Amino acid sequence: MTARRIVLGVAGVILLAVAWELYKALAPADGLVIGGLTVLPRTSDAAMPHLWTMLGRALEPVSGAAGSPLLVVATLQAAAFSLGVAGVGLLVGVVVGVGLAMLMQRFRTAESALLPWIVLSQTVPLIAIAPLVKRWGATLHTESFRWEDWMSVAVIASYLAFFPVAIGALRGFEAPDAAHRDLFRSYGVGWWRSFVRLRLPASVPYLVPALRLAAANAVVGTVVAEVSIGLNGGIGRMIIVFGQSGSADPAKQWSPIAGAVLIGLVAAGVIVLLGTVLRRYRRAEVTA
Amino acid sequence: MRHSIRIAASVGAVGIATALALTGCSGSTPGSSPSAGGDGELTPVTLQLQWVAQAQFAGYYAARDLGYYQDEGLDVTINEAGTDTVPIDELAAGNADYAISWVPKVLGSIEQGTNVTDVAQIYERSGTTQISFKDKDITTAADLKGKKVGSWGYGNQWELFAGMQKAGIDTDKDISLVQQAFDMNGFLAGDIDAAQAMTYNEYAQVLESINPATGKLYTPDDLNVIDWNDEGTAMLQDAIWADADKLANDSAYADQTVKFIKASIKGWLYARDHPQETADLVVKDGSQLGASHQLWQTNEVNKLIWPSTSGIGMINQDEWDQTVDIAKNTKDNTGSTIITADPPSTAFSNEYVTKALDELKSEGEDVLGTDFTPLTVTLKEGGK
């Protein structure tokens, strides 16, 4: 079963690579424009470098400066940095999301009051809140604590990550059958104990898919926020700077894009691992 | 037994999560390097740039790295900008003590009530050009008529529109305006006849690209350049902006402004006299641009400053007036102008830069750079 999945996964990647090269080989170099509308994108080396050009470029130094690291090494470092920030964002998002769900489950009023705002929060465009978060953060500093820019990025990542968790967890906490809830009540079990013994285990089939979404959101939020506020060190910054040399060194900018994909895969992998740990509770998976 | 496996796995998962958290926490920002260990007398100052670290801001990095700010009693933190950072907003919000921005981009904010002052006009000339391949035969603004003209928009378009309108082109009907991306692919592919290009960036990007016809890099001989300085529609670019209210009410801030300008200018003097070392500094400070591109940028930026008409940082009334005039009277493709009335007298001041220049002159520094001779930089493919 696992072997088959690995083979299928690898086959998917190969298929994508073949599709890229096939399109590049077959489609017209200048693309296809009908009535001013681009129907097929260009296939020139500047627009779509060969995969082997990208790989070859990754094994060369970032720049001609002395001591410049290999592009692949620099990309992996940046990916590790962004992954760390996304991890913090996800952690904060999960804590906030589960906390809100608990509050809404416990108090019906809280659900009526909070849920519309939680849904509304996701309609605010990221590029509008990124500079604001940075500005608010900069006002938070004491003698020993200074708000760093990476924290703003983590906050933005958590802003995207908490949403699926809050919604998924709430549905999960409400999931136990009435018969089970009545049983707990007839034994006189308090809210907290019935939450831990009944509602929390019952929420796992809802939480795992919600976490999968949250992890993906955290990664996207991190990279976009890095671009938006110009945080140095991560994948987002690499994407904008390498994009500047997109004409003269087109293969270079694909390296951070691959790095972003890698972060997404690692984040998804962590959630799969978590799902394996919680296997016992996942009798019926429900997509959030 | 199965139970213990599960616990081990849980511990593993928690461990990974913690590791993720720690990687995030240990990520240090290269932009804020510590300074002056032990010296508690330094005043913390924050400078907000208008883009990420690159030689465009070489003087400030040089002043920080070589201790010029420290010599003036300042501990300067340089904040880089992202795609959505508005430097003047950071200054107005109090998150930065000074900001670097183009004058036309700030004039609009001033009209809307942001009270800031241009205290040093570091770039005297404009680095914005409109470039085209020789075979298009576009050598003046008037030649843009009927052409596909590239523009970045977002406040970068005013010199172009002023230039075309000055040449009698109806910018609504006579040209087809093409939204230009950060890279030069649209220009190289022929989607754009004449593309916007900063001398220190995009122009170099073209020269770093392979010409498919020859298999070699493009050369300056392949290109025509419309320079807005020559066309008479240049607008003032990189300037140091300060908080106007604080300048008026806080004498410590006013004094600090003189010190900040003085040390920054010393950084720019260093960039003029040591372009290679300066380019290396900027790479060390986190710029990921290639080495030859970085040196090119340092050299081109020097050309925008030197030789200086009345001393680096001085705001020349005629150039300021030209900028304001274009900001008031030029309509872009959306039909709007930057400002509708003259800016207040607080919009610029030579008071602080004059003091800074006097101190530098008394220290024997050459603030005019009359004998400045630029380098000849050879670009490599991809700017490497």
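The points below describe a predicted model with chains A and B, starting with each chain and ending with what joins them.

1. Chain A is built mainly on helices: its secondary structure comes to 10 helices and two strands. Along the sequence the order is α-β-β-α-α-α-α-α-α-α-α-α, with the two strands following the opening helix. Its C-alpha atoms fill a box of roughly 75 × 55 × 45 Å along the principal axes. Of its 288 residues, 42% count as buried. Among contacts between residues at least 6 apart in sequence, 72% join residues at least 24 apart.

2. The opening helix of chain A deserves a separate look. Helix α1(A), residues 2–26, has 25 residues and reaches 36 Å from its first C-alpha to its last, close to the 36 Å expected at 1.5 Å a residue. Because the number of buried residues in α1(A) is zero, this helix lies largely in the open.

3. Chain B has 15 helices and 12 strands. Of its 384 residues, 51% count as buried. For contacts in chain B with a separation of 6 or more, residues 24 or more positions apart account for 80%.

4. The domain assignment splits chain B into domain 1 (43–125 + 235–373) and domain 2 (128–231), so domain 1 is written as two stretches of sequence with domain 2 numbered between them. Taken over C-alpha atoms, the centres of the two domains are 26 Å apart. In the contact between them, 16 residues of domain 1 of chain B meet 15 residues of domain 2 of chain B. On the domain 1 side, the elements that give two or more residues are α5 (103–111), α13 (291–305) and α14 (317–329) of chain B. The largest share, five residues, comes from α13(B). By class, this side has seven nonpolar, five polar and four charged residues.

5. Strand β3(B), residues 98–101, has strand partners of both senses. With β1(B), residues 43–48, β3(B) pairs in the parallel sense over two bridges, and B:Gln48 has B:Ala99 as its bridge partner. With β12(B), residues 239–243, β3(B) runs antiparallel and is joined by four bridges; here B:Tyr98 stands opposite B:Ala242. B:Tyr98 and B:Ile100 point one way from β3(B), B:Ala99 and B:Ser101 point the other way, and all are buried.

6. Where do the two chains meet? In the model, 47 residues of chain A are in contact with 44 residues of chain B. On the chain A side, two or more residues come from each of α3 (71–106), α5 (126–138), α6 (149–173), α8 (191–229), α9 (235–244) and α10 (254–277) of chain A. Helix α3(A) gives the most, with eight residues. This side of chain A divides into 26 nonpolar, 14 polar and seven charged residues.

7. The largest nonpolar core has 177 residues, and the members that touch the most others are A:Ala157, A:Val165, A:Ala169, A:Ala218, B:Ile240, B:Trp241 and B:Ile261. The core draws at least three residues from each of domain 1 and domain 2 of chain B. In soluble globular proteins, nonpolar side chains tend to be buried together.

8. Which residues does B:Ile261 touch, not counting those up to four places away in sequence? They are B:Val119, B:Ala120, B:Ile240, B:Gly313, B:Tyr352, B:Val353 and B:Ala356. One of them, B:Ile240, is also named among the core members that touch the most others.

Methods:
Residues are numbered from 1 along each chain as its sequence is written. Chains are lettered from A and ligands numbered from 1 in the order in which they are written. This is a predicted model: local features need pLDDT of at least 70, side-chain atom pairs count only at pLDDT 80 or more; totals for chains, interfaces and linings use all residues. Two residues are in contact if their C-beta atoms, placed from the backbone, lie within 7 Å. Ala, Val, Leu, Ile, Met, Phe, Trp, Tyr, Cys and Pro count as nonpolar, Asp, Glu, Lys and Arg as charged, and the others, Gly among them, as polar. A nonpolar core is a set of buried Ala, Val, Leu, Ile, Met, Phe, Trp, Tyr and Cys residues joined through C-beta atoms within 7 Å. A residue is buried if 20 or more other C-beta atoms lie within 10 Å of its own, exposed if 12 or fewer, and partly exposed in between; C-beta atoms are placed from the backbone. The expected span of a helix is 1.5 Å times one less than its number of residues. Two strands pair if DSSP finds at least two bridges between them.
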